[in-house]
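Biologist: I have a new model to look at with you. Shall we go through it piece by piece?

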Amino acid sequence: MWQQRCTRSAFGTVLSSVLFLLALFCYVEGEQIVIKGGTVTNADGQLVADVLIENGKIAKVQKDLKVPPGARLLDASGQYVMPGGIDPHTHLEMPFMGQVACDDFFSGQAAALAGGTTMHIDFALPTKGDLMQGFHDYQKKAAKACMDYGFHMAVTSWSAKVAADMATLVKKGINSFKFFLAYKGALMVTDEEFLQGLQKCREIGAIAQVHAENGEAVAVGQKRIFEAGITGPEGHALSRPSFLEGEATSRAVRLARFVNTPLYVVHTMSIDAVEEVARARARGQRVIGEPVASALSLNETAMWNPDFKIAAAAVMSPPIRAASHRVKIKEALAGGLLQLVATDHAVFNSTQKAVGKGDFRVIPNGVNGIEERLHVVWEEMVNSGLITPSDFVRITSTAAAQIFNLYPRKGVIAPGSDADVILLDPKVEHHISAATHHSRIDTNVYEGKRIMGKVVVTISRGRIVWENGNLNVTPGTGRFVEMLPMGPLFEGLDILDQEAMHPLGTTPVHHTHAKDEL
Ligand SMILES: [Zn+2]
């Protein structure tokens, strides 16, 4: 098993240190690679051209490029040459609900690379409410990384220290903060705390992200369903209906409007949430809606499966909904009402999920997807005719790079950009399975799904890390990518501040009183 081999080599021995330094040296140098004859596909168009990669960057994109001596040649005839995927929503090695997610920064990233994703943004959690400590703890976890990554930071309480730490973290390369309106008694913040967080985000130029479900109502719903005798995974779906997601999305959107700050709604899982995002955008508000791969491909019936293992594997929050929601989410994505696709990859294997046998409320929430996302989106969105390959690039890579202020370093095949590149062959058929995936989880919510089209090569910062079904990855070679604040979503916001002023003016009016007139 490659995972065991690599995991063992990560620690301890002098040999591993030498290998690490060697790998780092190779990493910096990279190799010269020429990708010949593929269809270079960016969000803004396609072109049959060759691509030269050197020193970890894209050096040239042009027709009939001469292959330099010693360069590695990849024949991409009949294939798409695309920017590597960026998954903006993952939880590697996350402590949650008494468990720790079983993919760490190495196994999760290796799985990502095998599926064509070359960067992800993980949610760092505070440690005992301390943001800085949480950041340091996540940096330690990420020491074994094998590809580029960034962090969002969750804000789960409020104090002057939290506010100060947010400003410090922005200087350290974090430009987004997440607030949970669900998980009462754990991660949830009150409206007052959320509002203060939104104001701080605006001040420091960071994107506010929200998990939008009404946590108070969910707690009531869970108790009601459990006491009605429904204790299995289907109770998870029944206890948190889509309109609780709609309510919280509406509330979050309006509070962000009140503060005039951009809002990023993570995992829009329902028609209810999509409608709130669409309405906000229609009135000109800067709101981003992020569906996840599972919402495009799956429906809630898995939670009613009599096999607990299958049913529990599908438990995530907000829940995967009825098929009608899936249809609407795909249409909204195709029509530009939603902007990009993530995964919320948070994996707990079947023994971890089993702690919730007899009580759905304690099943650790989360599904896989970091490896499957590109293939699922390709199958559901491109092969169904809903979007073009350029749209595919936009929703799997470019949009994330733009929103999180990484563009054009990431998210585009262009000279000067990082050489994060994939080759996708649209004629290769394959099936997703836990037996062949690279994540450590022992189930796969997409088990058996047929995909027409496959990522056959992944290049991560100039190195071929996935080819012919083989991974070539080394722990410790990944890099933390700093993301700067005040990104494109903040440009011109101050003008909107002015426009929000009341048409009758906002300077105090001297009101006369009867006695003044005497
Ligand atoms: Zn999440």
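Modeller: This is a predicted model. Start with strand 1 and strand 4 (residues 72–75), which pair in the parallel sense over 4 bridges.

Biologist: Which residue in strand 4 does Ile-33 stand opposite?

Modeller: Strand 1 covers residues 33–42. Strand 4 pairs with strand 1 in the parallel sense. Opposite Ile-33 in strand 4 stands Arg-72.

Biologist: In which sense do strand 1 and strand 2 pair, parallel or antiparallel?

Modeller: Strand 2 spans residues 45–54. A hairpin of 2 residues links strand 1 to strand 2. Their pairing has 8 bridges, and its sense is antiparallel.

Biologist: What are the bridge partners of Thr-39 in strand 2 and in strand 5?

Modeller: Strand 1 also runs parallel to strand 5 (residues 80–83), joined by 2 bridges. In strand 2, Thr-39 is bridged to Val-48. In strand 5, the partner of Thr-39 is Tyr-80.

Biologist: How many residues of strand 1 are buried?

Modeller: A residue counts as buried if 20 or more other C-beta atoms lie within 10 Å of its own. Strand 1 is mostly covered. Of its 10 residues, the buried number is 7.

Biologist: On to helix 6. How far apart are its end C-alpha atoms?

Modeller: Helix 6 runs over residues 191–204, so it has 14 residues. At 1.5 Å a residue, the helix should span 20 Å. The model agrees, because the end C-alpha atoms are apart by 20 Å.

Biologist: Within what arc do the buried residues of helix 6 fall?

Modeller: The buried residues are Phe-194, Gly-197, Leu-198, Lys-200 and Cys-201. Seen down the axis, they line one face of the helix, because they fall within an arc of 165°.

Biologist: Which residue follows helix 6?

Modeller: Look just past the helix for a positive phi, near 75°. That residue is Gly-205.

Biologist: And helix 15: how many of its residues are buried?

Modeller: Helix 15 spans residues 373–382. Its buried residues include Arg-373, His-375 and Trp-378. Among the elements covering them are strand 6 (85–90) and helix 16 (389–403). The helix is largely enclosed by the rest of the structure, because of its 10 residues the buried ones number 9.

Biologist: Which residues does the UniProt domain annotation cover?

Modeller: The unreviewed UniProt entry annotates the domain as "Amidohydrolase-related". In the model, that span is 39% helix and 15% strand, with end C-alpha atoms 22 Å apart. The annotation covers residues 80–449.

Methods: Residues numbered from 1 in each chain as written. Predicted model: local features only at pLDDT ≥ 70, side-chain atom pairs only at ≥ 80, totals over all residues. Buried ≥ 20, exposed ≤ 12 C-beta atoms within 10 Å, placed from the backbone. Pairing = 2+ DSSP bridges. Expected span 1.5 Å × (residues − 1). Arc of directions from axis to C-beta. UniProt positions renumbered as here; feature names shortened; annotations may be inferred. Contact = placed C-beta atoms within 7 Å.
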